Amino acid sequence: MDFLNDGRGSDPYRPSLFELVAQEQLRESLQPALKYVLGVFAQSYPRYLLRIVNRHEEFYALLMFFVERHNLRQYGASFAENFYGLKRRRKPVIEAERAKAAVGSAVQQEKLRGRELRTSLLFLVGIPYIRAKAHDYYEQLGGGVDPEALEEGSQFERNTSRTSITDRLRYLFKIIYPYANTAFELWMLAYNVAYLFDRSSYYRPWLAWMKVDIRRMGPEDYRAQLPVPSTSSEPKPPTSIIASLRRLLASSPKLLLDSLKVLLPLSIFFIKFLEWWYHPSSPARSLAAANTPRGPPIPPPKMLKPHSRGILGIGHESNLRYGECPICRKGVVNATALPSGWVFCYKCVFTEVEEKGKCPVTLLPMKTWQLRKVLI
């Protein structure tokens with residue numbers, strides 16, 4: 001394991017930052033992979049899986065609670081840490097080198113106890129769930145939209161001008177969340193840099209609060225995970241079918257949780273395979289498309305003609321230059337299209353559709369949610 005050491009080789013059981021980042025990336029990849037797999041099967045079995053897909057954050061948090069709880073109790077590590085051969089230990093105040101030399105890397109006093117198990121579950125399951133729900137709520141409030149694209153008198157800002165406390169809290173959350181999330185990421189980066197240069201024994205702040213650090217598993221840890229062979233030479237008495245079924249049912253939860261160690265990484269491989277298969281530049285996709293008979297090309301939809309009472313009238317659309325907004329008659333800024341096929345500035349068309357509920361050119365009924373940005 002010399003190639004995995006931290007560069008100085010002073011502690012062979014101290015994992016490198018790259019190992020810790022790899023297991024973090026594995027843990028973060030599980031949720032989108034599982035969501036994609038459930039979404040694929042929900043198309044065939046919507047009656048049973050559609051509710052799970054709609055409440056995926058809660059389902060994933062509940063699933064990972066049992067998975068992480070099992071791994072912490074059985075192996076003293078999270079699922080991703082155990083996958084990469086890492087473990088958690090209660091960091092001693094003074095490193096007992098003689099005790100390590102006598103009993104190996106695993107010391108009884110360093111094993112996780114009830115308090116460390118509960119706090120580890122909180123930070124492994126609870127905090128990611130809260131962050132995911134906060135990000136989803138930020139997206140529901142229109143997070144990520146360029147504020148310059150919205151007019152000062154837009155609908156969202158008019159709603160925040162009300163005396164409702166709920167509206168003001170939503171507006172405050174939308175402003176604070178990006179800065180809070182950036183500060184959190186910088187905080188994590190600072191601990192990573194400190195761990196990389198051996199300024200800290202912890203790569204996460206909550207591990208420092210719990211006094212729990214991450215270590216590589218030693219030979220004793222791997223031997224402890226192996227099943228203990230039976231030393232008795234006496235033949236076992238025959239058991240009844242009911243007793244065998246009871247034993248099978250009692251061991252099935254453990255077998256299921258242990259099988260997730262293989263099934264969850266396989267789900268990541270499955271989604272990566274589908275991404276490669278359906279990518280436009282994939283050779284497999286181009287080969288399949290070459291063997292598939294193609295029909296005639298589908299023509300683009302025709303642009304609807306202007307209404308006589310619209311802002312352009314009839315016969316005046318030729319006076320509109322290319323790239324010009326029909327409303328302000330200037331260059332299109334933040335191009336936005338309507339189902340009628342006409343393209344406007346976002347600020348111009350948002351105000352028109354919000355006030356009149358119609359397309360300014362064709363006078364077809366429109367809603368603000370039908371506005372579509374044009375990426376050019």
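Here is a friendly chat between a bench colleague and a modeller about the structure above.

Colleague: What kind of model is this, and from which number are residues counted along each chain?

Modeller: This is a predicted model, in which local features need pLDDT of at least 70 and side-chain atom pairs count only at pLDDT 80 or more, while totals for chains, interfaces and linings use all residues. Side-chain values use heavy atoms, with hydrogens and water left out, and residues are numbered along each chain, as its sequence is written, from 1.

Colleague: How many helices and strands does the protein chain have?

Modeller: Helices (H or I, at least four residues) and strands (E, at least two) are DSSP runs, numbered from the N terminus. By that count, the secondary structure of the protein chain comes to 13 helices and five strands.

Colleague: What percentage of the residues in the protein chain is buried?

Modeller: Buried means under 20% relative accessible area, exposed over 50%, and partly exposed in between (1.4 Å probe, protein chains only). Of the 376 residues in the protein chain, the buried share is 33%.

Colleague: How much surface does the protein chain expose?

Modeller: Accessible areas come from the Shrake-Rupley method with a 1.4 Å probe, and for residues only the protein chains shown count as cover. Carbon and sulfur atoms supply 61% of the exposed surface, which comes to about 25,600 Å².

Colleague: Let's turn to helix 6. How far apart are its end C-alpha atoms, against the expected span?

Modeller: The expected span of a helix is 1.5 Å times one less than its number of residues. Helix 6 covers residues 114-140, so its 27 residues should span 39 Å. The distance between the end C-alpha atoms agrees with this, at 38 Å.

Colleague: Where does helix 6 bend?

Modeller: The bend at a residue is the angle between axes fitted to the seven residues ending there and the seven starting there. In helix 6 this angle is about 30°, and the residue is Phe123.

Colleague: What covers the buried residues of helix 6?

Modeller: The buried residues of helix 6 include Leu117, Phe123, Val125 and Tyr138. Their cover includes two strands, strand 1 (86-90) and strand 2 (212-216). It also includes helix 1 (17-42), helix 3 (56-75), helix 8 (165-196) and helix 9 (205-210).

Colleague: Which residues does Leu117 contact, leaving aside its neighbours within four places in sequence?

Modeller: Contact means heavy atoms within 4.5 Å. Leu117 lies in helix 6, and its C-alpha is 7.7 Å from that of Arg73, a residue 44 places away in sequence. With the neighbours set aside, the contacts of Leu117 are Leu72, Leu112 and Arg73.

Colleague: Which residue of helix 8 pairs with Arg131, and how far apart are the N and O atoms of that salt bridge?

Modeller: Side chains of opposite charge can pair when their charged atoms come close. A salt bridge here is a side-chain nitrogen of Lys or Arg within 4 Å of a carboxyl oxygen of Asp or Glu. Arg131 meets Glu185 in such a bridge at 2.8 Å, N to O. The pair links distant parts of the chain, 54 residues apart, with Arg131 in helix 6 and, in helix 8, Glu185.

Colleague: Is Glu116 buried or exposed?

Modeller: The side chain of Glu116 meets that of Arg115 in a salt bridge (3.9 Å, N to O). Arg115 counts as partly exposed because its relative accessibility is 46%. Glu116 has a relative accessibility of 8%, so it counts as buried.

Colleague: Which residue forms a salt bridge with Arg170?

Modeller: Arg170 is partly exposed, at 36% relative accessibility. Its partner is three residues away in helix 8, about one turn of the helix. The closest N and O atoms are 4.0 Å apart, and the partner is Asp167.

Colleague: How many disulfides does a search of the whole structure find?

Modeller: A disulfide is a pair of cysteine sulfur atoms within 2.5 Å. A search of the whole structure finds none, so the number is zero.

Colleague: Why is Cys348 not bonded to Cys328?

Modeller: Cys348 is buried, with a relative accessibility of 19%. Its closest cysteine sulfur is in Cys328, and the two sulfurs are too far apart for a bond because the distance is 3.9 Å.
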